[in-house]
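Please look at the sequence and the model below, and then follow the text through a loop, a helix and its neighbours, a patch on the surface, and the contact between two chains.

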Amino acid sequence: MAETVTARTFSRRRSLAPLLWLGPALVLILLVVLTPVFIMLRTAFRNIDAIGFDHGWAGWRNFRQVFHEPDLHAVLLRTVWWVVAVVVITMVFSLALAALFNQTFPGRRVARWALIAPWAASVFMTAVVFRWMLQPGSGLINVLMHRFGLLDKIGDNASHADWLGRPEAAFWWMIAVAVFVSIPFTTYALLAGLQTIPPEVYEAARVDGSSTMRSYVSITLPLLRPALTVATLINIMNVFNSFPIIWEMTRGGPGDQTATTTVFMYQIKAQSIPEAAAMSVVNFGFVIVIVLVFLKASRWKEQVS
Amino acid sequence: MKRSFVASAAICAVAGLVLSGCGSSGNNGEAANGDITLTFLGADYGTGPADSSTAYWQKVAADFHKANPKITVKVSTINWNDYDTKVKTQLQNKDYPDILQGEFFPQYATDHLLAPLSDVMTNPDAGLAVFKDGFSVGGVQYGIPFDTSARALFYNKLAFTDAGITNPPTTWDELKTDAGKLKAKGYIGYALPLGPEEAQAESYLWMLGNGGGWQNSSGKYAINSAENIETFQFLKGLVDAGDTEPNPATYDRTADSATAFAQGKVGMESNGPFLTATIAAAGKLTTSDYAAVPMPGKTGPLTQTLGVADALQVFKGSATKLAAVKKFLDFALNDDNQLAWAKKYALLPGTQSAAAKLENDPILGAFVKALPNTVLYPSDSNWTATVLPAIKKSIGTAVTGDPSKVLGQLQDLATSGS
């Protein structure tokens, strides 16, 4: 009798034991992830005034306001452009860089370390530095372009030198900065993937007379798929949510002509807190949909398990 | 024993992380021995550590403390660029200062946060009368004008001579012609700061020149009135001709147009008296190299210019606390302090008595005299909460895009809530 009781308590204890180890992480997730999500959802349905006072339930009014924003359409379209352009360009560059860094060459260690720099620097700082380099009168990029004859005129009233004042030009510069800061992580993720490919496979291919190009397309890329999938997925989420680059370089301006949905959400906050929360909910939905679609398309489960 | 101490310390630490910002003000700033600490939050009008407003307020607080050893005023300031966001965030977290200097939000009063001015100043009518209505909600005044400004057209005399212009413009057509001549000499003809910082002021000055404004004579929003659309079409023409800097929608007043004027790169711009301080600091132009005249309108100069005031407002508190605040405000707004502030930033005073003392000042005098007759921004709560942020964000795009569309969207926003 006594024995079975002990055994039962023991097994119950055993089943509870993992909780002890999972507990801190669960509490953290609850506090840091789920609580804000809950507050965001709640805020989106409240009537909150400009200085943060809650005047009660608002129903779907905040969402109606978001969907009536005259510029929402343009912002959404721009966000798609932003994500596709940054991720595709980053992946192409990173594939090339990863292939390069997978070769042995003198100075490889230094080169690999150097690649970390844009990653190690805060994204915000990088954006500030680029904004300064693009300053119309004395920014480094403008001065150099002027010296090389690529810009006819620099200065306060030189319209071409004012890159960040013209929405299209500003947007392309920001894409460039986003690619610049995304490349290190992506390259390292792909490099790690490359190093898991056993050299014997290449040897066998060489014996069979396969060309370098053929080996790359038929061996490297397929075997790199798990790494590619993870890198692309993380990049998509990162780039979609990216705020500091655009905010620091243009504040989404002029107007909201360089804003993505994330920046647009913050801009809306200045005129309505709950409407911005509603926009956040919409953004949150987008991320979830994008991730699900991507996982479906890349058959995530087969890759990982 | 020891373990429970560690555990409770840990709980406190975690709770502190979650609830930080709530714990410190538990005693409300009032100590048992009658000492009172007041918190003062102000805007920083300076451009860097050298002329920071914190230093000014710390000196005022120290002088005040000498005379009233029982009362300590803790000062902090926020740069104007971040002012809106930071103050709103602080208030949203229910962390109220005792005294707030800067923009007046009617919501402070409608949410019952503010003490009426009559409770916190010995003479609640000390401020310039023209701003009284703007700082009142439901007939009760909650803010006192602390510093003010009036706007005028500044022009660079050296640039004008260089371009062969003898007299400053009085009409839009003259301004356009002059801007063209200045541009030909490599200057920014007219600097048009329609960037977020103060697009509402620049836009308003131009609207007034065509008999327009943010609201019509009966106090209803009329942002896309025919007059205003015509005004922005004129501005668009100015921008298209290259008579301004290339991208007005991202061009701000302090960082861009004022700095460029002080460096002698600008022919004309509208600005407030504080531009004289920027010019003096840059050391490039002397006081005889530039002058200020009334802003040109479509057919003649403005008879009433734009007046702007920043407020001092007091958050509710115990009677003891409000009594302490009253002493401090009476001191902080005395003529000496008002004039010291005016001199420091080339702003105009907020009180009548201090303003009267500046009427014959060679630089500020003309601006002071214009004050009683100025036009102000709308003062309804929808203005500061919704309309103003939207104007700051997007009105600049009216001179690159379609003026009637941009102004129409702003009008929709302004009237949708009511």
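A:P254 lies in the loop of chain A that runs between helix 11 (244–250) and helix 12, and the reader should keep in mind that the model shown here is a predicted one. The peptide bond that joins A:G253 to A:P254 is cis, with omega at about 0°. The loop between helix 11 and helix 12 of chain A also holds A:R251, a residue that is not a glycine and yet has a positive phi of about 55°. As background for both features, most residues other than glycine have a negative phi, and most peptide bonds are trans.

From this loop we can move on to helix 12 of chain A, which covers residues 261–269 and includes A:M265. Which residues does A:M265 touch, if those up to four places away in sequence are not counted? They are A:A276, A:M279, A:S280 and A:N283. For one of these pairs the separation can be stated in two ways, since A:M265 and A:S280 are 15 residues apart in sequence, whereas their C-alpha atoms are 6.4 Å apart in space.

Another part of chain A to look at is helix 1, which spans residues 2–44 and contains A:L16. A:L16 belongs to a nonpolar patch on the surface, whose members also include A:L19, A:L22, A:L26, A:V27 and A:I29. Taken together, the residues of this patch have about 1100 Å² of accessible area.

The remaining topic is the contact between the two chains, to which chain B gives 29 residues and chain A gives 28 residues. The area buried between chain B and chain A is about 2300 Å², and carbon and sulfur atoms account for 57% of it. How many salt bridges are found across the interface of chain B and chain A? There is 1 salt bridge across this interface, formed by A:D256 and B:K393, with the closest N and O atoms 3.2 Å apart. Between chain B and chain A there are also 4 residue pairs in polar contact, counted where both residues are at pLDDT 80 or more. On the side of chain B that touches chain A, the elements that give two or more residues are helix 3 (80–92), helix 4 (106–110), helix 16 (381–394) and helix 17 (403–416) of chain B. Among these, helix 16 of chain B gives the most, with 6 residues. Sorted by class, the side of chain B that touches chain A consists of 13 nonpolar, 10 polar and 6 charged residues.

Terms used: Residues numbered from 1 in each chain as written. Chains lettered and ligands numbered in written order. Predicted model: local features only at pLDDT ≥ 70, side-chain atom pairs only at ≥ 80, totals over all residues. Heavy atoms only, no water. Contact = heavy atoms within 4.5 Å. Buried area = accessible area lost by both parts, 1.4 Å probe. Salt bridge = Lys/Arg side-chain N within 4 Å of Asp/Glu carboxyl O. Polar contact = N/O pair within 3.5 Å; in protein donor to acceptor, adjacent residues only side chain to side chain. Helix = DSSP H or I, 4+ residues; strand = E, 2+ residues; numbered from the N terminus. Nonpolar A, V, L, I, M, F, W, Y, C, P; charged D, E, K, R; others polar. Patch = residues over 30% accessible without salt bridge, like charges linked within 9 Å, V, L, I, M, F, W, Y side chains within 5 Å. Areas by Shrake-Rupley, 256 points an atom, 1.4 Å probe, with all protein chains shown as cover.
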